[in-house]
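Work through the exercises below with the model open beside you. Try each task before reading its solution.

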Amino acid sequence: MHKVIYDTDPGVDDAMALLFLHRHPNIDLLGVTTVFGNASVDTTTRNALFLKREWNIPCPVARGASVTFDPSRHERPWPTMVHGDNGLGDIDVPETIDLPTDPRQAYQFIIDTVRANPGEVTLVAVGRMTNLALALKHDPEIASLVKGVVIMGGNFYVPGNVSPVAEANIHGDPEAADFVMTGAWKVVVVGLDVTSVTTMSRSYLADMAKAGGPSVQLLADLSQSYIDFYKHAVEDGMMVHDSCACVYVVAPELFDTIEGSMRVVCGGIADGQTVIKQDGRRFPPGDWDNLPSQIACTGIRSQQVLDLIRDVILGKVKH
């Protein structure tokens, strides 16, 4: 079993990834931690509780960061044109959900859960890296106690999606991302190099909903405006960014990877750019030296990934 904490900012593609984690028979979802990004942390936490209720997800939800790792950073507007005003494609979501959150801050929930399960927990982070950075800052020892960190974010050899060089999750909190990627834990970066070529069509999702009943119909409903948003890049479909990171946890063989030390540009016109110094490449001394070697995904078997997402969500994958 893969014990997972899912750090998320729901978010449309976050919702699909959550249902995948909940329904995969080899994943033990220990908790959901929320972060600001696709909407305010109040909204993303409400959305996580809503999906927990609708999909009968038993794990706790812990509310996380509402400002960047460096609090002096200027906050940008929420990406309402992507995820809607309410973060879930503007489907009907109640203002409040009558479910409690965990009493701990997300970073403390991460620390406590990792310490209670040494060597077993994979952190899957698909929003800004703020909660992970705070957890590592408050308790550096957890770096040696986690099984691994899988993040959806970044881009190495393809353009960004919020600037020519930056991907949204990293651009939203570059200092946090740099702290996480240079930490002494094993990080796998599942970024736009692979997620931007992994697109689910509207008809594929509709067929899933038909086979999956009300729970998958909810997923299809909240994804419609997201698919509309992607018209500029995808022919009647959507990139399933966050689900790709979740698939990596259970099926890393569907990805091609390289290894090297990573840095994130903090400030200036390249703010949020992720840069890898591939192992074996030689350069003069620089800011990539003596850092841990991390993993970057550069290739993906997209159709197999999509089919696995579908089969898991429809309950067709057994232990």
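**Exercise 1. The second largest pocket**

By class, how many nonpolar, polar and charged residues does the lining of the second largest pocket have?

Solution. This is a predicted model, in which local features need pLDDT of at least 70, side-chain atom pairs count only at pLDDT 80 or more, and totals for chains, interfaces and linings use all residues. Residues are numbered from 1 along each chain as its sequence is written, and side-chain values use heavy atoms, with hydrogens and water left out.

Step 1. Fix the terms. On a 1 Å grid over the protein atoms alone, a pocket is an open set of points with protein on both sides within 12 Å along at least five of seven lines; a cavity is a set where a 1.4 Å probe fits but cannot get out; lining residues have an atom within 4 Å of a point. Points are joined across faces, edges and corners, and a volume is the space filled by probe spheres set on them.

Step 2. List the lining. It consists of His2, Thr122, Lys147, Gly148, Val149, Val150, Lys186, Val188, Tyr248, Val249, Pro252 and Ile295.

Step 3. Sort by class. Ala, Val, Leu, Ile, Met, Phe, Trp, Tyr, Cys and Pro count as nonpolar, Asp, Glu, Lys and Arg as charged, and the others, Gly among them, as polar. The result is 7 nonpolar, 3 polar and 2 charged residues.

Step 4. Add volume and elements. The second largest pocket holds about 160 Å³. Strand S5 (148-152) and H11 each supply at least two lining residues. S5 gives the most, with 3. Helices (H or I, at least four residues) and strands (E, at least two) are DSSP runs, numbered from the N terminus.

**Exercise 2. The largest pocket**

Describe the largest pocket by volume, centre and lining.

Solution. Step 1. The volume of the largest pocket is about 690 Å³.

Step 2. Its lining has 36 residues, and Pro79, Val82, Asn161, Val162 and Ala168 lie nearest the centre. Two or more lining residues come from each of H1, helix H3 (80-83), helix H6 (168-172), H10 and helix H11 (241-250).

Step 3. Which element gives the most to this lining? H6 does, with 4 residues.

Step 4. By class, the lining of the largest pocket has 17 nonpolar, 11 polar and 8 charged residues.

**Exercise 3. The cavity**

Count the cavities of 30 Å³ or more and characterise the largest.

Solution. Step 1. The count is 1. The largest cavity has a volume of about 30 Å³.

Step 2. Leu18, Val32, Ala48, Leu51, Lys52, Ile57, Cys59 and Val61 line the largest cavity. H2 provides the largest share, 3 residues.

Step 3. The lining of the largest cavity divides into 7 nonpolar, no polar and 1 charged.

**Exercise 4. Helix packing around H5**

Classify the two helix pairs H4/H5 and H5/H7 by angle and hand.

Solution. Step 1. Axes are lines fitted to C-alpha atoms, for helices over the stretch in contact, and angles run from 0 to 180 degrees between N-to-C directions. Angles under 35 degrees count as roughly parallel, over 145 as roughly antiparallel, 65 to 115 as roughly perpendicular and the rest as oblique.

Step 2. Helix H4 (106-116) packs on helix H5 (130-138) at about 60 degrees, with axes 8 Å apart. H4 and H5 are therefore oblique.

Step 3. The axes of H5 and H7 come within 8 Å and cross at roughly 55 degrees. H5 and H7 are therefore oblique too.

Step 4. Assign the hand. A crossing is left-handed if the near helix is turned anticlockwise from the far one by less than a right angle, and right-handed if clockwise. H4 and H5 cross right-handed, while H5 passes H7 in a left-handed crossing.

Step 5. Check burial in H7 (174-181). Buried means under 20% relative accessible area, exposed over 50%, partly exposed in between (1.4 Å probe, protein chains only). Pro174, Ala176, Ala177, Asp178, Val180 and Met181 are buried. That is 6 of the 8 residues, so H7 is largely enclosed by the rest of the structure.

**Exercise 5. Backbone outliers**

Place the two non-glycine residues Asn56 and Asp236, which have positive phi.

Solution. Step 1. Asn56 has phi of about 55 degrees. Asn56 sits in the loop between helix H2 (41-54) and strand S3 (61-62). Asn56 is exposed, at 63% relative accessible area.

Step 2. Asp236 has phi of about 50 degrees. Its loop joins helix H10 (214-229) and strand S8 (237-239). Asp236 is partly exposed, at 40%.
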